[in-house]
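Work through the exercises below with the sequence and the 3D structure in view. Each task is followed by its solution in steps.

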Amino acid sequence: MGPQRGDLLKKELNLYTFRDLLELFPYRYIDKSVICPIRDITPHTDFIQVAGVLSDVELLGERRGRRLTATLKDDTGALELVWFQGISWVQKSLQEGRRYIVYGRTGIFNGVFQMAHPEMELLTPENAAGQDYLEPVYPSTEKLKSRGLGGRALGKFTQALLGQLQPADLPECLPDPLMTRFRLMPRYLACRAIHFPRSEEEGKQALRRLKFEELFLSQVRICRLKSRRHLQSRGWIFEKVGPCFNAFYEHHLPFTLTGAQKRVLKEIRQDTLGGRQMNRLLQGDVGSGKTLVALLCMLLAVDNGFQACLMAPTEILAQQHLESIGALLRELPIRIALLTGAVKGKERKTILAQVKSGELHMLIGTHALLEEGVVFHNLGLAIVDEQHRFGVAQRARLWKKNTVPPHILVMTATPIPRTLAMTLYGDLDVSIMDELPPGRQPIATVHRSEHQRPSVMDFIKDEIREGRQAYIVYPLIHESEKLDYENLMTGYENVKAYFPEPRYLISMVHGRQTSEVRETNMQRFVRGECQIMVATTVIEVGVNVPNATVMVIESAERFGLSQLHQLRGRVGRGGDKSYCVLMTGNKLSRESRQRIQVMVQSGNGFVIAEKDMELRGPGDIEGTRQSGLLDFKLADIVRDRVMLEAAREAAEALLQTDPELQLPENEGLLRFLLSRGHQTAWSRIS
Ligand code: ADP
Ligand code: MG
């Protein structure tokens with residue numbers, strides 16, 4: 001290949017090396033293994049391969065209508081071939097009276113079967129029996145196609161490359177016992193067969209092997225991080241349960257802990273006693289009481305002479321955490337502050353100085369906590385209350401905040417699917433909080449469409465008469481912010497028409513208000529000074545108004561499942577029966593309908609998370625795409641989840657018996673990992 005086409009491949013497909021080319025996998029195959037009789041062509045035939053004698057090559061039509069036609073005849077019938085482009089070149093190359101093997105897509109034109117722009121080759125003894133492998137088709141781009149590097153042309157290069165490779169060039173990386181146990185095709189053979197399988201079955205086996213390899217290697221890397229930490233990392237020791245924790249637990253705890261909260265606290269206590277760094281994921285459903293667990297852990301840190309920080313995904317949430325935690329700690333000698341992007345100037349300086357001197361015990365904030373200017377005196381625990389998913393690398397920035405990395409607790413806003421957790425948080429230990437505080441009733445969830453709006457509004461009136469409050473939430477999605485804003489305003493006017501002042505009072509919050517206005521409006525609702533809150537998703541996380549019993553979600557089909565679940569979690573926080581109404585238009589896509597159904601049927605965040613991923617695929621689940629951890633070339637953690645579980649289990653077992661990959665049977669694996677630039681995790685071994 002010349003340098004120009006080479007450059008184009010770099011630009012268009014990111015292909016730089018032979019390995020890149022080998023790892024450009026076909027997305028489908030063409031079956032040229034059989035040559036069909038022309039008689040077999042029906043109106044339903046798509047691509048087909050036939051062979052016969054070429055005759056009647058003819059130039060027809062004028063200008064735009066110009067075309068070249070020819071006839072191909074075998075013993076069973078005749079097929080018309082036609083070309084609209086490159087006519088003179090084709091005409092020159094065709095030889096009437098010779099036998100050709102022809103492949104292409106058939107269609108009907110003027111009642112006659114026709115094949116446009118077929119691939120043609122002279123019939124030879126070698127190709128007469130049909131190809132003994134399936135022909136690969138690769139993803140390509142328009143630009144590449146115009147330079148003769150279309151999806152099929154790329155195959156020629158791959159074929160040429162494979163012709164020069166020996167088994168030693170593609171050594172096995174999976175240990176023998178695994179190969180046997182999972183009946184996997186050897187690496188060398190799989191790399192060939194994924195490109196040029198001799199049968200559909202062989203192609204499938206090659207794919208299965210390479211997917212397993214991909215999943216297994218990623219799991220080995222992740223589990224390796226975890227086992228290294230378990231074996232070697234040092235961590236601060238929180239030796240005692242001291243005065244702050246005890247005073248709070250005995251005198252200021254507003255309720256008794258749930259069983260799940262106690263269990264998780266015990267797990268964390270164990271983690272922080274052993275001299276190793278804790279890295280734990282706390283998966284809890286909405287409303288399961290994660291904040292309280294976070295607070296108790298922070299008290300544990302403070303009692304042992306350390307600072308603690310809590311990082312929230314948004315300013316509003318950080319602020320709310322500060323308020324609720326601040327209120328709970330009011331009577332304790334603990335100094336706590338807020339640090340977000342909005343904290344500026346002198347105030348910021350003071351806070352940073354106090355963080356550095358150790359005067360401040362707890363710091364609550366947003367991403368701003370990660371900045372280099374934030375230097376702790378002695379950070380012992382960092383808690384991430386997250387909504388957007390962090391990668392391993394970002395979490396590692398917290399590790400650097402002390403000479404020995406602080407303990408890390410990551411809390412999810414809603415549960416995430418098991419396989420996703422395995423991939424995104426596979427290096428963490430996991431705690432599950434699947435129990436809600438006592439007295440919570442399930443939230444009755446219904447689906448209503450536009451024509452039922454009056455009855456929904458009447459229902460809200462009934463609840464308000466009982467002294468309750470209601471949320472009405474509108475979507476706000478950035479691409480169409482303006483339109484959404486207009487929808488919100490129209491919605492607000494409509495709500496006002498149903499609920500006239502002064503009998504009813506309505507408050508509104510949205511992202512275009514200044515934070516002061518938003519805060520004031522929010523507070524009105526929190527204090528019960530208005531009965532209805534019209535809002536966009538700014539209220540999604542955090543807001544806690546136990547007296548609110550109705551959540552109406554407008555255009556519910558536009559929300560993701562975890563978002564709907566999160567919103568629904570804003571009600572049902574007190575002892576009263578609560579309701580969630582999902583409003584949609586009358587027409588819904590199949591997928592939207594399914595999603596709404598899931599919400600109506602299930603109140604369990606763990607179940608909903610699995611369904612969400614099934615319906616939308618992992619790439620669409622908020623924030624996962626950026627993490628780069630799901631960039632598998634072949635595997636798909638939804639479709640291949642059974643395989644992922646097997647790969648995980650195999651990786652764990654392997655590292656358990658041979659944590660440093662010293663056994664001869666794992667030599668190939670170690671060499672492979674090192675060659676693939678994963679030195680970060682393995683560098684200290686070699
Ligand atoms: P999430 O896990 O969604 O962050 P929160 O921490 O916001 O949940 O807690 C939800 C609500 O439950 C809060 O009002 C909190 O005060 C309350 N809560 C937490 N733990 C308990 C408990 N053990 N018993 C009763 N209520 C609790
Ligand atoms: Mg929370």
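Two residues are in contact when they have heavy atoms within 4.5 Å. This is a predicted model, in which local features need pLDDT of at least 70 and side-chain atom pairs count only at pLDDT 80 or more, while totals for chains, interfaces and linings use all residues. Residues are numbered from 1 along each chain as its sequence is written, chains are lettered from A and ligands numbered from 1 in the order in which they are written, and side-chain values use heavy atoms, with hydrogens and water left out.

**Exercise 1. The chain as a whole**

Task: Describe the make-up, extent and surface of the chain.

Solution:
1. Helices (H or I, at least four residues) and strands (E, at least two) are DSSP runs, numbered from the N terminus. The chain holds 25 helices and 21 strands.
2. Along the principal axes, its C-alpha atoms fill a box of roughly 100 × 70 × 45 Å.
3. A residue is buried under 20% relative accessible area, exposed over 50% and partly exposed in between (1.4 Å probe, protein chains only). Of the 686 residues in the chain, 51% are buried.
4. Areas come from the Shrake-Rupley method with a 1.4 Å probe; for residues, only the protein chains shown count as cover. The chain exposes about 32,900 Å², and carbon and sulfur atoms supply 52% of that area.
5. Among contacts in the chain with a separation of 6 or more, 74% join residues 24 or more positions apart.

**Exercise 2. Cysteines**

Task: Find how many disulfides the chain has, and place cysteine 191.

Solution:
1. A disulfide is a pair of cysteine sulfur atoms within 2.5 Å. By this rule, the count is zero.
2. Take cysteine 530: the closest cysteine sulfur, in cysteine 580, is 19 Å from its own sulfur, too far for a bond. For cysteine 580, the closest cysteine sulfur is likewise that of cysteine 530, at 19 Å.
3. Cysteine 530 is buried, because its relative accessible area is 1%. Cysteine 580 is also buried, at 0%.
4. Cysteine 191 belongs to helix α7 (residues 187-195). With a relative accessible area of 9%, cysteine 191 is buried.
5. Apart from neighbours within four places in sequence, cysteine 191 is in contact with Leu162, Leu170 and Leu210.
6. From cysteine 191 to valine 517 the C-alpha distance is 61 Å, with their positions 326 residues apart in sequence.

**Exercise 3. Two helices**

Task: Check the lengths of α11 and α23 against their expected spans, and say which residues of α23 are buried.

Solution:
1. The expected span of a helix is 1.5 Å times one less than its number of residues.
2. Helix α11 (residues 290-303) has 14 residues, so it should span 20 Å; its end C-alpha atoms are 20 Å apart, which agrees.
3. Helix α23 (residues 641-657) has 17 residues, so the expected span is 24 Å; the distance between its end C-alpha atoms is 25 Å, which agrees.
4. In α11, 13 of the 14 residues are buried, so the helix is largely enclosed by the rest of the structure. Glycine 305 follows α11 and has a positive phi, near 85 degrees.
5. The buried residues of α23 include Met643, Leu644, Ala646, Ala647, Arg648, Ala650, Ala651, Leu654 and Leu655.

**Exercise 4. Backbone angles in loops**

Task: Locate arginine 63, histidine 117 and proline 502, and state what the backbone does at each.

Solution:
1. Arginine 63 sits in the loop between β2 (47-60) and β3 (67-74). Its phi is positive, about 40 degrees, although arginine 63 is not a glycine. Arginine 63 is exposed, because its relative accessible area is 76%.
2. Histidine 117 is in the loop between β6 (112-116) and β7 (119-122). Histidine 117 is not a glycine either, and its phi is positive, near 45 degrees. At 37% relative accessibility, histidine 117 is partly exposed.
3. Proline 502 lies in the loop between α17 (481-498) and β18 (506-509). The peptide bond from glutamate 501 to proline 502 is cis, with omega near 0 degrees.

**Exercise 5. The surroundings of leucine 379**

Task: Is leucine 379 buried or exposed, and which residues is it in contact with?

Solution:
1. Leucine 379 is part of strand β13 (residues 379-386).
2. Its relative accessibility is 0%, so leucine 379 counts as buried.
3. Beyond neighbours within four places in sequence, leucine 379 is in contact with Trp236, Phe306, Gln307, Ala308, Cys309, Lys401, Asn402 and Pro406.
4. Valine 302 is 77 residues from leucine 379 in sequence, and their C-alpha atoms are 9.6 Å apart.
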